[in-house]
Amino acid sequence: MSGWTDVADWERQRSGADCQVCRSKADALTQLEASWVLISPDDPLRGYVCLVFRRHAIELHELTDAEGAALMRDIRKVSGAVTTIMNPVKMNYEVHGNTAPHLHVHFFPRYRGDQFEGGPINPRAAKRPVYAPGEFETFRDRLKKELASRAA
């Protein structure tokens, strides 16, 4: 939220002229119908995924009906793929845009005994790394294959 204090920077990001999220496309694991998938070994929970809407938009109401439907299909694909691979107790979904004004969805698989059990997830307070050696690479490869198998 501190990004809001620099009005000029915030407006450059909102306009898409200097959107850090738009630039993240180069790091995408894969592209889906309306979005791309980001994961990292430094993520706050095993199986975490960030799904980024393909064009620069900030709010859900800015999407056409077709875009909204396509994004929901991508959300369902990612949710199903992560659940198949990681078998969480529950999947949490978050859409904010407070620090990066570009429509994106966070997927937080929840597990018995995870570091945030019984409370909300605080990615900034997450103890890292969350993956054992080689575990991230296995997740990455399985996620890519699982998403490809769910292609429309």
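Biologist: In which hand of crossing does H3 pass H4?
Modeller: This is a predicted model: local features need pLDDT of at least 70, side-chain atom pairs pLDDT 80 or more, while totals for chains, interfaces and linings use all residues. Numbering starts from 1 along each chain, and side-chain values use heavy atoms, without hydrogens or water. Helices are DSSP runs (H or I, at least four residues; strands E, at least two). H3 passes H4 with the near helix turned clockwise from the far one by less than a right angle, so the crossing is right-handed.

Biologist: Are H3 and H4 oblique or perpendicular to each other?
Modeller: The axes of H3 (residues 65–86) and H4 (residues 135–149) come within 9 Å and cross at roughly 130°. Perpendicular covers 65 to 115 degrees, parallel under 35, antiparallel over 145. H3 and H4 are therefore oblique.

Biologist: Which residues of H4 meet H3?
Modeller: Contact means heavy atoms within 4.5 Å. From H3 come Lys77, Val78, Ala81, Val82, Thr84, Ile85 and Met86. Their partners in H4 are Phe139, Arg142, Leu143, Glu146 and Leu147.

Biologist: Which element supplies the largest share of the lining of the largest pocket?
Modeller: The largest pocket has a volume of about 760 Å³. Of its 27 lining residues, Tyr48, Thr99, His104, His106 and Arg124 are the closest to its centre. H2 (20–23), S3 (49–53) and S5 (104–110) each supply at least two lining residues. The largest share, three residues, comes from S5.

Biologist: What is the volume of the largest cavity?
Modeller: On a 1 Å grid, a cavity is where a 1.4 Å probe fits but cannot get out; a pocket is open, with protein on both sides within 12 Å along at least five of seven lines; lining means an atom within 4 Å of a point. Ile58, Val95, His96, Gly97, His102, Leu103 and His104 line the largest cavity. Its volume, the space filled by probe spheres, is about 30 Å³.

Technical notes:
Axes fitted to C-alpha atoms, helices over the stretch in contact; angles between N-to-C directions.
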